[in-house]
Amino acid sequence: MLSLSLVIVNWNAGEQLLNCITSIQNSVFSGFVLDRIIVVDNASSDNSLSLLPQWEKLSIIKSSSNLGVAKACNLGAKHSAGDLVLFLNPDTQLMPDSLDQAISKFI
């Protein structure tokens, strides 16, 4: 079965990041295994990270400086372990079957 890692780059996204993570938690995972969600925080100065739930699938990488999106994506991808890696913006909100529909194209 395919596994998926998600990488989200955060910089002061606040509640949008929480909504994104919540939408992932509410997703259907029938055709694949969600390996992990990697949030790369680009030295946020808001409370983005403190809003996040405790979840065994959630890994947070805190950068001491703003690396920019591309470098932060590469850092997150380096820590991924899934067969597939999907990059999401922190303002993304998934429909319950969005990931399942997308991953089904790879099966």
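**Entry 1. Asn19**

I looked up Asn19 first and found it partly exposed, with a relative accessibility of 29%. The model I am reading is a predicted one. Asn19 belongs to helix H1, a helix that covers residues 15-25. I then took a C-alpha distance from Asn19 to Leu52, which is 33 residues away along the chain, and got 9.2 Å.

**Entry 2. Overall fold**

Next I listed the secondary structure. I count three helices and four strands in the protein. Read from the N terminus, the order is β-α-β-β-α-β-α. The radius of gyration is 13 Å, and the globule rule for 107 residues also gives 13 Å, so the protein is as compact as a globular protein of that length. For the extent of the C-alpha trace along its principal axes I noted about 40 × 25 × 20 Å.

I also checked how the contacts are spread over the sequence. Among contacts with a separation of 6 or more, 74% join residues 24 or more positions apart.

**Entry 3. Surface and charge**

What share of the 107 residues counts as buried? I have 43% in my notes. The exposed surface of the protein comes to about 5,800 Å², with 51% of it supplied by carbon and sulfur atoms. On charge, I recorded 6 positive and 9 negative side chains. The centres of these two sets are 10 Å apart.

**Entry 4. Cysteines**

How many disulfides does the model hold? The count is zero. Cys20 is in no disulfide, and the nearest cysteine sulfur to its own, that of Cys73, is 13 Å away. A disulfide needs the two sulfur atoms within 2.5 Å, so the 13 Å between Cys73 and Cys20 is too far for a bond. I looked up the accessibility of both residues as well. Cys20 is buried at 0% relative accessibility. Cys73 is also in the buried class, at 16%.

**Entry 5. Positive phi outside glycine**

I went through two residues with a positive phi that are not glycine. Asn12 has a phi near 55 degrees. It sits in the loop that joins strand S1 (3-10) to helix H1 (15-25). At 25% relative accessibility, Asn12 is classed as partly exposed.

The other residue is Ala43, with a phi near 60 degrees. Where does Ala43 lie? I placed it in the loop between strand S2 (33-42) and strand S3 (58-63). Ala43 is partly exposed, at 29% relative accessibility.

**Entry 6. Pro90**

Pro90 is in the loop between strand S4 (84-88) and H3. Is Pro90 buried or exposed? Its relative accessibility is 13%, and under 20% counts as buried, so Pro90 is buried. I wrote down its contacts, leaving out residues up to four places away in sequence: Ile8, Val9, Asn10, Ala13, Gln16, Leu17 and Cys20. Cys20, one of these contacts, is the cysteine I had noted at 0% relative accessibility. I also took the C-alpha distance from Pro90 to Glu15. The two residues are 75 positions apart along the chain, and their C-alpha atoms are separated by 9.2 Å.

**Entry 7. Asp100**

Asp100 is part of helix H3, residues 98-103. I found this acidic residue buried, at 14% relative accessibility. Which residues does Asp100 touch, apart from those up to four places away in sequence? The list is Val28, Phe29, Ser30, Gly31 and Phe32. From Asp100 to Lys78 the C-alpha distance is 24 Å, for a sequence separation of 22 residues.

**Entry 8. Lys71**

The last residue I looked up was Lys71, in helix H2 (residues 69-78). Lys71 counts as exposed, with 59% relative accessibility. Its C-alpha atom is 15 Å from that of Ser44, and 27 residues separate the two along the chain.

Technical notes
Residues are numbered from 1 along each chain as its sequence is written. This is a predicted model: local features need pLDDT of at least 70, side-chain atom pairs count only at pLDDT 80 or more; totals for chains, interfaces and linings use all residues. Side-chain values use heavy atoms; hydrogens and water are left out. The radius of gyration is taken over C-alpha atoms; the globule rule is 2.2 Å times the number of residues to the power 0.38. Buried means under 20% relative accessible area, exposed over 50%, partly exposed in between (1.4 Å probe, protein chains only). Contact means heavy atoms within 4.5 Å. Accessible areas come from the Shrake-Rupley method with a 1.4 Å probe; for residues, only the protein chains shown count as cover. Lys and Arg count as positive and Asp and Glu as negative; His and the chain ends are not counted. The place of a charge is taken as NZ of Lys, CZ of Arg, CG of Asp or CD of Glu.
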